[in-house]
Each structure stands twice: as structure tokens, then as C-alpha cells.
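Trainee: Got a minute to go through this one with me?
Mentor: Sure. Bring it up and ask away.

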Amino acid sequence: MLTDRHGRIVTDLRISVTRRCNFRCVYCHDEGQGPVLRPTARVPEEMTPEHVERIVRVGAGFDVRSVKFTGGEPLLRTDLVEIVERTRRHVEDVSLTTNGAFLADQAASLAAAGLRRINVSVDSLDPDEFRDLRKGHLEPVLDGIRAAIAAGLRPVKLNMVVMKRTLPRLPDMIRHIGASEGALVLQLIEFMPEIIGHRDWMVDILEVKAALESEAERVEVRSMHHRSIYHIHGAQVEVVDPVHNAEFCFNCRRVRVTHDGCLKGCLNRDDDHVSTAGLDDDGVREAFGKVVENRVPYYGVHVQDYPRRRPSSWPGSRESAPSRSLAQGPAAP
Ligand code: SAM
Ligand code: SF4
């Protein structure tokens, strides 16, 4: 088992298989890799399926139990089914985060290859707003979600980035999830400004959580990242709120892998990459050791200027408003 100097074990790999994408979301952090590339860009450095399998095999030897593929847009990889098949030889819990645009055609073959779970990013159910935010079309994404449910990847998790532009859509989204009768669950991701800036796009996520809690019949807390899950009118709503959240970072069990095969200890850091290109299993084992040795809880250790959680207490922020209900929508800036 891999354990860092802060006592955090590593059980998860998040593997980016490409930097290419067919969308251009206004908020995209591209897993810390800089702006996404065009779908047809030539990227010879993308890992082969064998390279991905080697990293997963070595990780599994260290008790990694779960692998999530991401990008860029992972469904642009024409060999993704092979990548999933090879990953399933070593780890049972294999999942994928996608923008969903190409999912309708691929959901069944991915499920047959052993994919267990899928996240589809949908920030708004309004086609015009979706296009404004993501520079892509909503309808094929909805087709993809239906295909994923039909392929048995149920429940499909919808990812929604919570920011000023999307927050007014949250009540609609919760109603949509509730009406799916368990086929869909919602994952709210706090907008992360660390890589792309635009701090003014953020909303007070603690206020959002308070509003969810006030309407929830039940609240659970996941051990991973200490994420809260709210059960509201038949909808399950999980909140991922990493920004200025030392508790999130102290409960992080993840190592990341870039599209070109570098291990990376934190989304927000680029000074800790350890390349696995050309290494044999022993070399990859050593690379895991090095990256875990450098792993620190980003908020709480790496960034010491912002030890406090409450955004309203950050220098230059507005005073915190009292909790509002979901139906009231976001507080005025
Ligand atoms: N292209 C795929 C997709 O959109 O799902 C996978 C890659 S994308 C980088 C992975 C997830 O990160 C998506 O759910 C996306 O919404 C989320 N994301 C991207 N930039 C973000 C940001 N600045 N803050 C919060 N979440 C972000
Ligand atoms: Fe980034 Fe995913 Fe949007 Fe592509 S679809 S721009 S990778 S968030």
C-alpha cells in the first residue's frame, strides 16, 4: 500500500488518456494540463493501451482499487475499449468521465469491456445555455446518457460545475434527477479557479450546501474527500468542494496520470510530475514511490496563505449572506 508523509493512503488512479477535446468549456481546467487541443491534433505522446495497463498493473500491486479515465475527452480515443478491457484485468472499479457527445455509439461496447460507472458532464438542461458554456450541443449528450442507462451503467452520474452562471439551474437539475427514479444521480463540482482564474465566477459553496441540507431528508458523508451526499425529493446529490478545503485535501486518496504517462500527486500542482515513459514495471514502481513521497494536501500544507475554509473570510470577499433556499437561487453578487 502507498502512504504519503501525511498518512494518506492511495487507492485511486485518475488517468487522462488524451488532451484533445471536441468541446471548449469556458471553465475547463483540463486536469491541469493547459488548454485542451483540437480533436484531430497529432499527439504522439498519448499513452498506448499497453502503457496504461502497465501503470494500472503496478498500481494494483500497491492496492489501488479504482481507476477513472478522463481527458480532454476520453471518447476521442478510438482504442478506449481496449484500454478499459486491459484495465479490468487488474482493477474491478473502472469508470469514466465524459462530455457525452460520442457516448450514444460507444456506451454498449464500453459496458461490455467492463466499464462499471460513468459520469457525464451536463451543466444545464437548457440547450442554448449548454452551448454557451460548453461550445457543444446538448441533444447528443442526452442521447448518450440514455444509451448508458440502457447499457446497464446505471446510475449515470451527471457532473454539474457550480458557478454563478449555472447555479440558477440547480433546482431544475434536481427535479430532473428525482424524476429519473434512480437512473441518474447528481454530482455538483465547485468551480475551481486555481488553474484558470476567474475567481469572480465562484459562488459560496457552503451556502449551497446549507440550502441543500435544509431540504434534504438525509445527508451522508463519503470517506473519499469527505464529500457530502444529500437525498432530496428522490434525488441523490453529491458535492465535490475542494477549493480552500483542507478537509477535502486531507481525505484525498488519488494519484493522477497525465496523457503522456506522468504520475502527478495533485490536480493543482505541476512541479511534482514523475514520467513513466519507457519504464519497466520496476521503474514504474519506483515512480509511484517518488510521486507519493512528494504528495501534500494542497490546501492545508502547499497553500498556507488560505488556511480558512469560509470564502467570505478571504481577503477582498463580500460578507457572507445567510443561507438561502434552492428555490431562491443564488445570492446577488
Ligand atoms: N471531457 C470530460 C468531461 O467534460 O467530463 C472529462 C474531462 S473534464 C476536465 C472532467 C471534469 O472536470 C468534468 O466534469 C468537468 O466539468 C470538470 N471541470 C473542468 N474544469 C473545471 C473547473 N474549473 N472547476 C470544476 N470542475 C471542472
Ligand atoms: Fe474540458 Fe471536458 Fe469541457 Fe472538454 S468537455 S473542454 S475536457 S471540461
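**Cavity, a buried glutamate, ligand 2**

Mentor: The residues lining the largest cavity divide into one nonpolar, four polar and four charged. Keep in mind that this is a predicted model.

Trainee: How many cavities of 30 Å³ or more does a search of the whole structure find?

Mentor: One.

Trainee: And what volume does the largest cavity have?

Mentor: About 60 Å³.

Trainee: Which residues line the largest cavity?

Mentor: R14, S16, E31, Q33, T70, R256, V257, T258 and K264. Two elements give two or more residues to that lining: β1 (12–16) and β10 (254–257).

Trainee: New topic. Where does E190 sit?

Mentor: In strand β6, which covers residues 184–190.

Trainee: Is E190 buried or exposed?

Mentor: Buried. Its relative accessibility is 3%, and the cut-off for buried is under 20%, so E190 qualifies.

Trainee: What is E190 in contact with, leaving aside neighbours within four places in sequence?

Mentor: V162, M202 and I205, plus the run V240, D241, P242 and V243.

Trainee: Now ligand 2. Which residues surround ligand 2?

Mentor: C21, F23, R24, C25, C28, V36, G72, N99 and R134.

Trainee: How does the shell around ligand 2 split by class?

Mentor: Five nonpolar, two polar and two charged residues.

Trainee: Which of them count as nonpolar, then?

Mentor: C21, F23, C25, C28 and V36. The charged ones are R24 and R134. G72 and N99 go down as polar.

Trainee: And the nonpolar residue in the cavity lining, which one is that?

Mentor: V257.

How values were computed: Residues numbered from 1 in each chain as written. Chains lettered and ligands numbered in written order. Predicted model: local features only at pLDDT ≥ 70, side-chain atom pairs only at ≥ 80, totals over all residues. Heavy atoms only, no water. 1 Å grid on protein atoms, 1.4 Å probe; cavity = no way out; pocket = protein on both sides within 12 Å on 5 of 7 lines; lining within 4 Å. Points joined across faces, edges and corners; volume = space filled by probe spheres on them. Helix = DSSP H or I, 4+ residues; strand = E, 2+ residues; numbered from the N terminus. Buried < 20%, exposed > 50% of the residue type's maximum accessible area, 1.4 Å probe, protein only. Contact = heavy atoms within 4.5 Å. Near = heavy atom within 4 Å.
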